[in-house]
Amino acid sequence: MQHLGRLIFLTFIFLSQKTLLAQGQEITLPIKSGSVRFAAIGDMGTGKRPQYEVAQRMFEFQQKFPFNFVIMLGDNIYGGKSPAELRKKFDIPYKPLLDAGVQFYATLGNHDDTNERFYKLFNMNGQQYYSFKKGNVQFFVLDSDYLDPKQLAWIEKELANSGSDWKICYFHHPLYSSGAFHGSSTELRKILEPLFVKYGVQVVFSGHEHLYERVKPQKGIYYFTEGASGELRAGNLKKTDITAVGYDKDQSFLLIEISGDDLYFQAVSRTGVTIDSGTIRRPAALQSVAPQAKSALP
Amino acid sequence: MQSNRLLIAAISLATFTAVPWIPFIATARAAPSPPDSPAFREFAQRVQQYVKLRKAPQRTTRHREEIVDRRDALAQAIRESRPDAKQGDIFTPEVSEEFRRVIQSVFQGPSASSVRRTIRQGDPVAGLRLTVNGAYPQHLPLTTVPPTLLSRLPELPERMAYRIVGHDFVLQDTEARLVIDFIPGVIP
């Protein structure tokens, strides 16, 4: 009788998974030849089941949308940081992606140990802030926990010298956020936003708030918060007039594709539902054409 | 020919003297008064003395154990090389007073509300009892240090950082994760 109960339970789980998988197969991205494709995750390093489920969903999407790197928006490892904990919170959940050759590029969050920068699979090369290029895209990775004059001088110089079409910054604390728990990091915004505007940064990714939010363009810059790839603060999004789309009901991750002057994005929930998607045209190429974006949400 | 050499020498001298100031120029908006005072100079000297105790920086590795082992070994070596270290060794009374003055001015200045907000948003840590040569607990978050404050303080060498723990202001060795010194109760 006990076995029968277990069998029914497992059948139910299997069928539920099948349903979720069926929902999760939708790719809204164009998958163009030669495009730059990546995923974004934030606040994920809990080592708990939701992180593993998001990681599994990412792997399933990666089979259909072959992205080859992931940007990590901080709080990569919560709590204990023994080798065993680190494996539980990164190596094991993302093993299928790592085995598929996907690279991870981390930024540090306030829950991270700065020594994470020495972990080869985080691709930080021992630096707390760094940049890297993929095709026509340059990524600038900041340590927003410690934005000292040295780092500010570095980012200004890097941005000024960048010849890439797309300039994307990412760091842990969001400059714009409708999250009720933390909200916008206004002091960081006051310092960083003028640099982003001056040097033509088009898109910024952050975490810290445990939800997903796409903010309406601010001074021509698109801001995404993806801080729910492991942690979740359900019901914490208090939509404001800056919110384009937000989602705080479940964990999530982002998929991005950049081809020429277009950036395509798709935000996906832990269960595989598309919660936001759309296209951003590179402002330099745009010349006052409104961006197109759509949300699956009301 | 002689005048050319003089010109090159003048340009070289100008470049050489300008280089250390580039960071201050780049961040002049955030740093109205560059940190320079006898107390801050004394602080910088004491920090440099500390840095001499340290070994070469870590290297990147795929092996988690190696990172942890090196961190622990570094922490142990530092503890052994300054066994009698105590609060106030680097933040001497004069140095502490200068830090206190700058911190107060930032917390009472035009950016005070956003500075306080930055700390609140950084998951502030409270109730942690600090000890010199003690490890900063791994499971606790790091409170964001407001950039406005950082722009008013002496620049630190690599692998050293200022931290805020409750109302205390901390000098931390980030690689060994050790508390090197602290000023109690200076953060409003």
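**A tour from the chain B sheet to the chain A core**

Start by selecting B:Met160 and B:Asp173: the two stand opposite each other, with B:Asp173 sitting in S2(B). Keep in mind as you go that this is a predicted model.

Now widen the selection to the strands around that pair. Strand S1 (residues 160-165) and strand S2 (residues 168-173) of chain B run antiparallel and are joined by six bridges. Pick out B:Arg163 next, and you'll find B:Val170 of S2(B) opposite. Then follow the chain round the turn: S1(B) and S2(B) make a hairpin with two residues between them. Click on B:Gly166 in that turn, where phi is positive, at about 60 degrees.

Add S3 to the view. You now have an open sheet of three strands in chain B, ordered S1-S2-S3 and paired antiparallel. S1 and strand S3 (178-183) are the edge strands, each pairing on one side only. Look along the sheet for the twist, which averages 30 degrees from one strand to the next.

Time to turn to the interface. Here 42 residues of chain B contact 36 residues of chain A. On the chain B side, colour helices H2 (22-26), H4 (64-81), H6 (112-121) and H7 (147-150), the elements that each give two or more residues. By class, that side has 17 nonpolar, 15 polar and ten charged residues.

Last stop: the largest nonpolar core, with 110 residues. Select A:Ala39, A:Ala40, A:Tyr170 and A:Val204, which touch the most other members. Which residues does A:Tyr170 touch, leaving aside those up to four places away in sequence? Show A:Ile71, A:Leu73, A:Thr107, A:Phe139, A:Val141, A:Val204, A:Phe205 and A:Ser206.

How values were computed: Residues numbered from 1 in each chain as written. Chains lettered and ligands numbered in written order. Predicted model: local features only at pLDDT ≥ 70, side-chain atom pairs only at ≥ 80, totals over all residues. Contact = placed C-beta atoms within 7 Å. Helix = DSSP H or I, 4+ residues; strand = E, 2+ residues; numbered from the N terminus. Nonpolar A, V, L, I, M, F, W, Y, C, P; charged D, E, K, R; others polar. Core = buried A, V, L, I, M, F, W, Y, C linked by C-beta atoms within 7 Å. Buried ≥ 20, exposed ≤ 12 C-beta atoms within 10 Å, placed from the backbone. Pairing = 2+ DSSP bridges. Axes fitted to C-alpha atoms, helices over the stretch in contact; angles between N-to-C directions.
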